[in-house]
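Trainee: Could you walk me through one part of this model in detail? I'd like to see how a single strand fits in with its neighbours.

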Amino acid sequence: MNIERHLHATGRGTLPYLFAPAADALPSIPLVVFLHGARDRGSDPDLLLTHGLPRHVAHAAELPYHFLAPQIPEGSAWAEWRAELLQLIDEIADRHRADRRRIVLAGFSAGSAAAWELAAAEAERFAGLVLVAGRVPDAAGDAALGRLGHTPVWFFHGGRDDRAPVAPVKAAVSRLHALGVPVRFTLYPDAGHAIADAAYGDSTLQRWLATVPRRSPSAPRVSQREVDPLFLNRWSPRALRADPIDDASLLRIIEAARWAPSASNSQPWRFLYVRNGAPLWDETVELLSGNNRLWAPQASVLILLLSKTTFVRQGEHLPSPASNHSFDSGAAWAHLALQATLSGWHTRAIAGYDKEAARALFKVPDEYKLEILIALGRLGDDSVLPEPLRERELPTPRRPLADLVAAGHFSLPRD
Ligand SMILES: Cc1cc2nc3c(=O)[nH]c(=O)nc-3n(C[C@H](O)[C@H](O)[C@H](O)COP(=O)(O)O)c2cc1C
């Protein structure tokens, strides 16, 4: 691959940079910006070509993305060059008509920490983050992590890295999962710090860079009153990834549903689940109607939520109708969805399926009502969705509080 060398003039001198164009000059091509580690600082960008992403690009026959790798001077830090870096990214994106909603920041070592800080500060600019052998910045508390919103983050780390220990990275991965940020973690258990070639040579990462989904143009969800981020970060994507879920994780999510409140503590909810590829899976997928057939088959599990319509009251022997069975099961579904988010999974409820056929397939007795199917999986790239659904793949907003709540008499809008 022919890599170009350039100089970016700034008010404080010039920044050398490497650039390689994508094979296609389409306007939807991503731009991948690489931030080097501390050792590669200087005034000779060829230094960058010895390892990691620049090396991979230099050896590639052709590129599915535009590639940009600036170099900062010896003795300086990325944070000092933030304004110039953003300006250079804008310039390059404009000049090469890269897709502004598909700009990915990738780093190595100190460059990873810098990429992380830049993305947290300017979250709306970036479609993804690749952090290789990076130290988790001290400032990366929940607020900073939460600001990443729905930006996918992919960590690569060596289990024996003595320059950037792996433990804080593992902790950050768990927190990001809990906050609903789509996160991947590739651990090389026996490797140290020098993993740049392995990570950037990873063919799955390269495919991901080429297909990185567009960043959503909408603002992240903001509440009118402060609530736990969990309530905002639970959302219902259609782009799910069918990662296998083990029994313990699945039952933990359903355990949360078990603790929902119900009228007379009747606990009318019941759950029948089918794992992707297990017996009954194909028949369950056949039950889905309309658009649900286009995305739900990518889930890890489909869970059928039933509610028992009768209930034997305390002190009685015969069942009487449980008039709140659906309402109570709705509460159980909400618990389940929130625990799934806390555990790093995503859910989407599905009312659009053939209930009669489902009753027959799952042999559900008459006294149980079929409520919803619940699709559960890891958050996937929206590139897997067909176009009309991809455009709608955004966390939804909410009506304002004032439309929903009044003190005393009904004084709300009647629409
Ligand atoms: C009872 C119920 C039925 C739903 N049915 C479907 C469905 O059949 N297909 C679908 O794509 N989404 C379905 N949804 C998802 C909703 O559209 C989604 O929850 C809503 O737009 C709010 O977005 P959020 O969950 O991301 O906050 C359903 C949700 C609920 C609660």
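Trainee: Take β11 and β15: over how many bridges do they pair, and in which sense?

Mentor: Quick housekeeping. Residues are counted from 1 along each chain, as its sequence is written. The model is predicted, so local features need pLDDT of at least 70 and side-chain atom pairs count only at pLDDT 80 or more, while totals for chains, interfaces and linings use all residues.

Now your strands (a strand is a DSSP run of E, at least two residues, numbered from the N terminus). β11, residues 301-308, pairs with β15 in the antiparallel sense over 7 bridges; two strands pair if DSSP finds at least two bridges between them. To put your finger on one spot, look at L304, whose bridge partner in β15 is L373.

β15 itself covers residues 368-379, and it also pairs with β9 (residues 240-241), again in the antiparallel sense, over 2 bridges. There, R241 has R378 of β15 as its bridge partner.

Then comes β14: 5 bridges join β14 to β15, and these two run antiparallel as well. In this pairing, H346 sits opposite G377 of β15.

Follow β14 (residues 346-350) a bit further and you reach the ligand, since β14 gives the most to the surrounding shell, with 3 residues. A residue counts as near the ligand if its C-beta atom, placed from the backbone, lies within 6 Å of it. Around the ligand you'll find, among them, R348, A349 and I350, plus I372. The shell also includes W235, S236 and N292.

Conventions: Helices (H or I, at least four residues) and strands (E, at least two) are DSSP runs, numbered from the N terminus.
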